[in-house]
Amino acid sequence: MSVRRDTIPAVRHYEFGRNWQRFLATLNGARISAAERSLKQMLEVDNLADKTFLDVGSGSGLFSLAARRLGARHVHSFDYDPDSVGCTCELKRRYFPDDDQWTIEQGSVLDTGYLDRLGTFDIVYAWGVLHHTGAMWQALENVLIPLAEGGALFIAIYNDQGWISAYWRQIKRLYTTHPASRFLIVCTHAPVLLCSRALPRLMNGRLKSDRGMALWYDLKDWLGGYPFEVATRASIVGFYESRGCTLLKLRPCGDPSGNNEFVFRRAATSRPRQAGTGP
Ligand SMILES: C[S@@+](CC[C@H](N)C(=O)[O-])C[C@H]1O[C@@H](n2cnc3c(N)ncnc32)[C@H](O)[C@@H]1O
């Protein structure tokens, strides 16, 4: 598969796909069910029958798999990281081999030409992706390109904590650009990470994530996840409301450094494109 780097900002990226490859070894029925539940709860549906689903930055591919299992009539997954694409292909091979209703490609959400060619989808899902592109506000704009009229946009964006977010950005930059510093960073930040990210889960009696992800890989993802940008809830809501979208659901982050989750509905008449065409 050819790798297009021209649409990716020239900063060193964390290699998410490698982390996903290791996560796949832990994947089981319980995690897949949790991923399905998370989609159903936020989208307030029992299934995705007759819906087209675009998974932007599919990562492991778990949520594409969940969408297909929930009956989406077409799922298209893309990620700019070839290893993430490989993980998504592996999940398709395991659970939906020979399925022509699930397509997977390498592509970037910053590539507007690519998004234009995809057609439109009833659901555009970009969970924990747009803040890792190096151009978050452009990416937030771009996900509207493949969103059908009346369609639902489901995104998750890191919460803005002011100077604390600025501090973590520097740590993540160091972790990603200087691999030799990783051991030191893990040792010095382990207590903070345990308190801020693992303890809230433990106290809720759910060490397992309610999205089916694994704590260890989530922590690595958190430490390495660079580029890293953040936004307040109000700025995200204002951004989409000024573009003809209505907030349907907001799930504030469980811990202050986590992701706020949003579901927006695009107005049915906001532009002259056909709904749900997809590829
Ligand atoms: C934290 S992971 C989230 C994966 C998945 N959406 C999930 O919910 O588990 C972020 C993903 O975004 C991908 N990504 C980063 N920049 C991207 C871009 N410009 N276009 C597409 N995917 C991108 C990364 O490769 C990575 O797989």
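## Contacts, rings and a ligand shell

At 11% relative accessibility, Asp99 counts as buried. The model is predicted. Asp99 belongs to the loop between helix H4 (82-95) and strand S3 (102-106). What does the side chain of Asp99 join through a polar contact of 2.6 Å? The partner is the side chain of Arg68. A polar atom of the Asp99 side chain also lies 2.9 Å from the backbone nitrogen of Gln101.

### Around the ligand

The ligand has 21 residues around it. Gly57, Asp79, Tyr80, Trp127 and Arg211 come nearest. By type, the shell divides into eight nonpolar, nine polar and four charged residues.

Polar atoms of the protein meet the ligand at several places. The table gives three of these pairs, with their distances.

| Residue | Protein atom | Ligand atom | Distance |
|---|---|---|---|
| Ser84 | polar side-chain atom | oxygen | 3.1 Å |
| Val109 | backbone N or O | nitrogen | 3.0 Å |
| Arg211 | side-chain N or O | oxygen | 2.8 Å |

How much of the ligand does the protein bury? Taken alone, the ligand exposes 600 Å², and the protein buries 97% of that.

Arg211 has another partner. The charged end of Arg211 sits over the ring of Trp127, 3.4 Å from the ring centre. Both Arg211 and Trp127 are among the residues that come nearest to the ligand.

### Aromatic pairs

How many aromatic pairs does a search of the whole structure find? The search finds twelve. One of them is formed by Tyr158 and Phe228. This pair is tilted, with 5.2 Å centre to centre and 55° between the planes. Tyr158 lies in strand S5 (residues 147-158), and Phe228 in the loop between helix H9 (215-224) and helix H10 (233-241). The pair therefore ties together parts that are 70 residues apart in sequence. Are its members buried or exposed? Tyr158 is buried, at a relative accessible area of 4%. Phe228 also counts as buried, at 4% relative accessibility.

Phe239 and Tyr240 form another aromatic pair. Here the geometry is edge-to-face: the centres are 5.0 Å apart and the planes make an angle of 85°. Both residues are buried. Which residues do ring pairs link into a cluster with Phe239 and Tyr240? They are Trp137, Phe262 and Phe264.

A charged residue also meets this cluster. Arg243 lies over the face of Phe239, at 3.7 Å from the ring centre. Phe239 thus takes part in an aromatic pair with Tyr240, and its face has Arg243 over it.

### Parts brought together along the chain

Two further residues show how distant stretches of sequence meet in space. Thr26 is in the loop between helix H1 (16-24) and helix H2 (29-43). Is Thr26 buried or exposed? Neither label fits: Thr26 counts as partly exposed, because its relative accessibility is 24%. The C-alpha atom of Thr26 is separated by 7.8 Å from that of Ala214. Along the chain, Thr26 and Ala214 are 188 residues apart.

Arg31 lies in helix H2. At 13% relative accessibility, Arg31 counts as buried. Its C-alpha atom is 9.9 Å from the C-alpha atom of Ala66. In sequence, Arg31 and Ala66 are 35 residues apart.

Definitions and conventions:
Residues are numbered from 1 along each chain as its sequence is written. This is a predicted model: local features need pLDDT of at least 70, side-chain atom pairs count only at pLDDT 80 or more; totals for chains, interfaces and linings use all residues. Side-chain values use heavy atoms; hydrogens and water are left out. Rings of Phe, Tyr and Trp (its six-membered ring) pair if their centres lie within 6.5 Å; planes under 30 degrees apart count as stacked, over 60 as edge-to-face and the rest as tilted. Helices (H or I, at least four residues) and strands (E, at least two) are DSSP runs, numbered from the N terminus. Buried means under 20% relative accessible area, exposed over 50%, partly exposed in between (1.4 Å probe, protein chains only). A charge sits over a ring if NZ of Lys or CZ of Arg is within 6 Å of the ring centre and within 35 degrees of the ring normal. A residue is near a molecule or strand if one of its heavy atoms lies within 4 Å of it. A polar contact is a pair of N or O atoms within 3.5 Å; within protein, one must be able to donate a hydrogen and the other to accept it, and residues adjacent in sequence count only if both atoms are side-chain atoms. Accessible areas come from the Shrake-Rupley method with a 1.4 Å probe; for residues, only the protein chains shown count as cover. Ala, Val, Leu, Ile, Met, Phe, Trp, Tyr, Cys and Pro count as nonpolar, Asp, Glu, Lys and Arg as charged, and the others, Gly among them, as polar.
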